[in-house]
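Subject: A structure for you to look at

Hi,

Here is the structure I said I would pass on. Have a look at it first, and then read on for what turned up.

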Amino acid sequence: MRYENWCTENSLVELGDITANSVNDFATSLAGDVSASSAARIVVSVRGFHKFCVAEDWTQINPAVDVHPVSIPRRLPKALSYEAITSIIEATDQSDLAERDRAIVELLYGTGIRISELSNIDLDDIDSDSGTVVVTGKGNKQRLIPVGTYALEAIEKYVRGERLELVAKGEGSRKLFLNKRGKSLSRQSAWECVSQAAKRADVTSVSPHTMRHSYATHLLERGADVRTVQELLGHASVTTTQVYTLVTVDTLREIYAAAHPRAK
């Protein structure tokens, strides 16, 4: 155990020898040696250890009670450019199930829904007349999301074409997206469709959440209100959504630096 070895090296043999300063020194020693997230986990473990020692009456004092992990820098979500998104969409034409895969990518980017939410969509959840989709998110909560024309057209083409052929191979699933055997498309398989299209388009740094991040970022860049984006994404707290505003601020700063004569 890293903490035990550190204590031994610093002649802290007995529990009574360890003070709050000792624990702080140990936490400081982690900097540069492990990642911020790993350091935070280690400090939490040390706090748990000393709390356990007090609970077991091995010692009367908890020297780690006021020692807290260093806050981990928030990672900004990765958003693709609109051009990269378009390239991925066009690359679905090379898929074995081009209509289905195009509908998947169009719907993901056009609504910002999660891969897991997409795989759970039923045929009846899509309302082409109102241009909306009912999505079941975390905690089994449902929300109504507007769907753009591009996604609706791609879905309609898939439903009237490839999906009819896939249904004939399966057991008549009501799920919107089906696999080659006519059964419900899993979350993993849906993501593979996006991943393969991205590879064909030579677009890197694509994760299962890339379309969702790009959706939110592009909305905010074009003037959407953060509360509206929160509702569309299904975030319980606006704090979760506000991370995207950091991305757009960075974009605005780059534009400002490039365009303003006295920005540098």
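How many helices and strands does the secondary structure of the protein chain come to? The count is 13 helices and three strands. Please keep in mind that this is a predicted model.

Some overall numbers to start with. The protein chain has 264 residues, and 40% of them count as buried. About 15,400 Å² of the chain is exposed, with carbon and sulfur atoms supplying 49% of that area. If you take the contacts with a separation of 6 or more, 56% of them are between residues 24 or more positions apart.

Now the sheet. The three strands make an open sheet in the order β1-β2-β3, and the pairing is antiparallel. The edges are taken by β1 (126-127) and β3 (142-146); each has a single partner strand, so one side of each has no neighbour in the sheet.

Going through the pairs, β1 and β2 run antiparallel and are joined by two bridges. One pairing to look for is Ile-126, whose bridge partner in β2 is Val-133. The two strands form a hairpin with four residues between them, and Gly-131 in that turn has a positive phi of about 70 degrees.

Strand β2 (residues 132-136) is also joined to β3, this time by five bridges, and again the two run antiparallel. Here Thr-132 sits opposite Pro-146 in β3, while Val-133 faces Ile-145. So if you click on Val-133, you will find it paired with Ile-126 on the β1 side and with Ile-145 on the β3 side. β2 and β3 form a hairpin too, with five residues between them, and Gly-139 in the turn has a positive phi of about 70 degrees.

Which side chains of β3 are buried, and which are not? The side chains alternate along the strand: Arg-143 and Ile-145 point to one face and are buried, whereas Gln-142, Leu-144 and Pro-146 point to the other face and are not.

On to the helices. The axes of α7 (residues 149-160) and α8 (residues 162-169) come within 3 Å and cross at roughly 45 degrees. That angle is why the two helices are described as oblique to each other. On the α7 side the contact is made by Tyr-158, Val-159 and Arg-160, and on the α8 side by Glu-162, Arg-163, Leu-164 and Leu-166. Sorted by type, the residues of this contact are four nonpolar, no polar and three charged.

Two of those residues come up again around Arg-100, which is found in helix α5 (residues 98-111). Is Arg-100 buried or exposed? With a relative accessible area of 6%, Arg-100 is buried. Leaving out residues up to four places away in sequence, Arg-100 touches Tyr-158, Glu-162, Phe-177, Leu-178, Asn-179, Lys-180, Leu-185 and Cys-193. Take Leu-178 from that list: Arg-100 and Leu-178 are 78 residues apart along the chain, yet their C-alpha atoms are separated by 8.3 Å.

Finally, a few loop residues. Most residues other than glycine have a negative phi. Ser-11, however, has a positive phi of about 60 degrees although it is not a glycine. Ser-11 lies in the loop between α1 (2-9) and α2 (20-29), and its relative accessibility of 57% makes it count as exposed. Ser-205 is another case, with a positive phi of about 55 degrees and again not a glycine. You will find Ser-205 in the loop between α9 (187-200) and α10 (210-221).

Where does Ile-61 lie? Ile-61 is in the loop between α3 (36-55) and α4 (82-91). Its relative accessibility is 62%, so Ile-61 counts as exposed. The C-alpha atoms of Ile-61 and Lys-51 are separated by 9.0 Å, with the two residues ten apart along the chain.

Happy browsing!

Notes. Residues numbered from 1 in each chain as written. Predicted model: local features only at pLDDT ≥ 70, side-chain atom pairs only at ≥ 80, totals over all residues. Heavy atoms only, no water. Axes fitted to C-alpha atoms, helices over the stretch in contact; angles between N-to-C directions. Parallel < 35°, antiparallel > 145°, perpendicular 65-115°, else oblique. Contact = heavy atoms within 4.5 Å. Nonpolar A, V, L, I, M, F, W, Y, C, P; charged D, E, K, R; others polar. Buried < 20%, exposed > 50% of the residue type's maximum accessible area, 1.4 Å probe, protein only. Areas by Shrake-Rupley, 256 points an atom, 1.4 Å probe, with all protein chains shown as cover. Pairing = 2+ DSSP bridges.
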